[in-house]
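Please look through the structure shown below, beginning with its sheet and ending with a single residue. Keep in mind throughout that this is a predicted model.

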Amino acid sequence: MGKTVVAIYNSVKEAHRAGDELLNNGFNSHDIDICSGKQYEDISHSEENSISLFFRNLFGIDDDRNEKYAKVAKDGCIVTVYAHSDEEAKKASGILDDYGAIDEDENYHNRSSTKDRDNID
């Protein structure tokens, strides 16, 4: 059974470095997608932005989790790996982490705190 591994990076350059390392470790290019959050916004054709839809399709209907990931990904770059086994998913996850995938929980709370401070008069 296939697994989907997703990582978010702060920049397209970081995401491509991670993608290159995946290729160097035997992953096929057709199993790797790299897309900036801006690209997802540009292709959205509904009221719900396509980043949120992406995460809803991935995680199911968990609006808090989807919102958190969508908020973090909006300004970053998403790398998606379609692994063919648990072992391959673990390998991809390790590579993505080693190449600087951001911690969504920490990044979300930092962005929320910054937003709150920016709204203080």
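A convenient place to begin is the open sheet, which consists of 3 strands in the order 1-3-2, paired in the antiparallel sense. Strand 1 (3-9) and strand 2 stand at its edges, and because each has a single partner strand, one side of each is left without a neighbour in the sheet. Direction ignored, neighbouring strands of this sheet are turned by 15 degrees against each other on average.

Turning to one of these pairings, strand 2 and strand 3 (residues 77-83) run antiparallel to each other and are joined over 5 bridges; here Ile-32 stands opposite Val-81, which belongs to strand 3. Helix 1 packs on the sheet, where it touches strand 1, strand 2 and strand 3, and its direction makes about 175 degrees with that of strand 2. Helix 5 (residues 86-98) also packs on the sheet, touching strand 1 and strand 3, with a direction that makes about 5 degrees with that of strand 1.

With this framework in view, the eye can move to Asp-31, which lies in the loop between helix 1 (12-24) and strand 2 (32-36). Apart from its neighbours within four places in sequence, Asp-31 is in contact with Thr-80, Val-81, Tyr-82 and His-84.

What is the nearest side chain of opposite charge to Asp-31, and how far away is it? That side chain is Lys-91, 12 Å away, and Asp-31, although buried, has no salt bridge. The side chain of Asp-31 does, however, make a polar contact of 2.9 Å with the side chain of His-84.

Conventions
Residues numbered from 1 in each chain as written. Predicted model: local features only at pLDDT ≥ 70, side-chain atom pairs only at ≥ 80, totals over all residues. Heavy atoms only, no water. Helix = DSSP H or I, 4+ residues; strand = E, 2+ residues; numbered from the N terminus. Buried < 20%, exposed > 50% of the residue type's maximum accessible area, 1.4 Å probe, protein only. Lys, Arg positive; Asp, Glu negative; His and termini not counted. Salt bridge = Lys/Arg side-chain N within 4 Å of Asp/Glu carboxyl O. Polar contact = N/O pair within 3.5 Å; in protein donor to acceptor, adjacent residues only side chain to side chain. Contact = heavy atoms within 4.5 Å. Pairing = 2+ DSSP bridges. Axes fitted to C-alpha atoms, helices over the stretch in contact; angles between N-to-C directions.
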